[in-house]
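Grab the viewer and work through a few exercises on this fold. Each one sets a task and then walks through a solution.

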Amino acid sequence: MVRGKKLGGVRLKNEHLKPNQISFEDGEAYTSRKDIINIFTDGSKTEHGVGAAFYVLTNDIWAYQWSAKLNDNNTVFQAGLTALHEAVIYASHLPNHNTSKIHVNNRASIMASSNSKSTNETARKIFKILLTHPRIKVSWVKAHAGNIGNERADQLAKDATQHRQPYSHTKLPKPNIKGLLRKRMLEEWQTSWKNGDTGRKIYNIMPSVSLRPTNWITEDVIFFS
């Protein structure tokens with residue numbers, strides 16, 4: 001839904017999803033009808049890696065499934081959003097007479113995807129698709145409650161951590177990128193310090209580099225250097 005108000009003769013757009021598109025009530029008792037496509041999404045992170053998946057039921061019969069392996073440094077939240085993004089893309093290509101109900105077991109993913117001002121790039125993409133396809137609805141469903149669709153999506157996501165080709169469209173989280181860059185910098189600094197020609201006396205006392213400041217007083221620094 002796109003609403004707007006005039007300000008100085010200019011219409012300002014205000015984007016909102018339809019009220020019935022988003023639901024935070026438990027969607028466990030989902031409707032099984034031929035004209036409703038039920039899609040269950042999930043993201044998983046195990047010792048093997050990170051996976052995302054969705055599972056489609058039409059009239060309680062398996063219709064389609066999708067899964068992918070993300071980068072090991074991606075988060076579960078990113079995996080869940082990736083699964084939801086792929087699910088809304090799938091639903092957007094279904095015939096217009098079908099209503100698609102996407103069941104998500106992570107409330108944070110739904111909140112981010114229903115917010116037009118979300119700072120998450122994937123969430124914003126989901127919002128734009130939902131905005132132009134009001135027949136696609138997103139509902140929260142309780143995880144590990146015996147729901148067959150949710151359990152299948154969960155298993156697909158777990159299997160994807162080991163057996164699927166890497167999915168490269170989801171960016172690494174910024175804190176993780178900063179951590180990787182810091183680690184690389186420290187490694188290069190350590191190599192330079194270890195193989196350098198100067199400061200060898202200090203190297204014998206402090207062979208390892210660190211970003212943490214030492215508690216040496218000025219006299220200590222002068223003495224050891």
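Two strands count as paired if DSSP finds at least two bridges between them. With that in hand, Thr41 stands opposite Val104 in E7. Keep in mind that this is a predicted model.

**Exercise 1. Get your bearings: how many helices and strands are there in the protein chain?**

Step 1. Count the elements: the protein chain has seven helices and eight strands.

Step 2. Now look at burial. Of the 225 residues in the protein chain, 37% are buried.

Step 3. Finish with the contacts. Taking those between residues at least 6 apart in sequence, 66% join residues at least 24 apart.

**Exercise 2. Work out the order of the six strands in the open sheet, and find which strands stand at the edges.**

Step 1. Walk across the sheet: the order reads E3-E8-E7-E4-E5-E6, and the pairing is mixed.

Step 2. Check the ends. E3 (22-23) and E6 (61-70) each have a single partner strand, so each has one side without a neighbour in the sheet.

Step 3. Recall what pairing involves: strands of a sheet are held together by backbone hydrogen bonds, in a parallel or an antiparallel arrangement.

Step 4. Take the parallel pairs. E7 (residues 99-104) runs parallel to E4, with six bridges between them. Ile37 stands opposite Ser100 in E7, and you've already met Thr41 facing Val104 in E7. E7 is also parallel to E8 (residues 136-140), this time through five bridges, and Lys101 has Lys137 in E8 as its bridge partner.

Step 5. Now the antiparallel pairs. Ten bridges link E4 and E5 in the antiparallel sense, with Lys45 opposite Val50 in E5. E5 (residues 49-58) and E6 are antiparallel too, over nine bridges; there, Ala53 has Ser67 in E6 as its bridge partner.

Step 6. Add the helix that packs on the sheet. H4 (residues 148-163) touches E4 (36-46), E5 and E6, and its direction makes about 145° with that of E5.

**Exercise 3. Is E4 largely enclosed or open, and what links it to E5?**

Step 1. Tally the burial: nine of the eleven residues of E4 are buried, so the strand is largely enclosed by the rest of the structure.

Step 2. Follow the chain onward. E4 and E5 make a hairpin, and two residues lie between them.

**Exercise 4. Look at the loop between E5 and E6: what is the sign of phi at Asn59?**

Step 1. Start from the usual expectation: most residues other than glycine have a negative phi.

Step 2. Compare Asn59, in the loop between E5 and E6. Its phi is near 55°, a positive value in a residue that isn't glycine.

Step 3. Try Asp60, which is found in the loop between E5 and E6 as well. Asp60 isn't a glycine either, yet its phi is positive, at about 70°.

Step 4. Sort out exposure, using the cut-offs of under 20% relative accessible area for buried and over 50% for exposed. Asn59 has 31% relative accessibility, so it counts as partly exposed. Asp60, with a relative accessible area of 48%, is partly exposed too.

**Exercise 5. Describe how H1 and H3 cross, then place His85 in that contact.**

Step 1. Get the geometry. The axes of H1 and H3 (residues 121-132) come within 9 Å and cross at roughly 25°. Angles under 35 degrees count as roughly parallel, so H1 is roughly parallel to H3. The crossing is left-handed.

Step 2. List who meets whom. On the H1 side you'll find Leu81, Thr82, Leu84, His85, Val88, Ile89 and Ser92, and on the H3 side Thr122, Ala123, Lys125, Ile126, Ile129 and Leu130.

Step 3. Sort those residues by type: eight are nonpolar, four polar and one charged.

Step 4. Zoom in on His85, which is found in H1 (residues 76-92). Leaving out residues up to four places away in sequence, His85 touches Thr122, Lys125, Ile126 and Ile129.

Step 5. Decide on burial. His85 has 13% relative accessibility, so it counts as buried.

Conventions: Residues numbered from 1 in each chain as written. Predicted model: local features only at pLDDT ≥ 70, side-chain atom pairs only at ≥ 80, totals over all residues. Heavy atoms only, no water. Helix = DSSP H or I, 4+ residues; strand = E, 2+ residues; numbered from the N terminus. Buried < 20%, exposed > 50% of the residue type's maximum accessible area, 1.4 Å probe, protein only. Contact = heavy atoms within 4.5 Å. Axes fitted to C-alpha atoms, helices over the stretch in contact; angles between N-to-C directions. Parallel < 35°, antiparallel > 145°, perpendicular 65-115°, else oblique. Left-handed = near helix turned anticlockwise from the far one by under 90°. Nonpolar A, V, L, I, M, F, W, Y, C, P; charged D, E, K, R; others polar.
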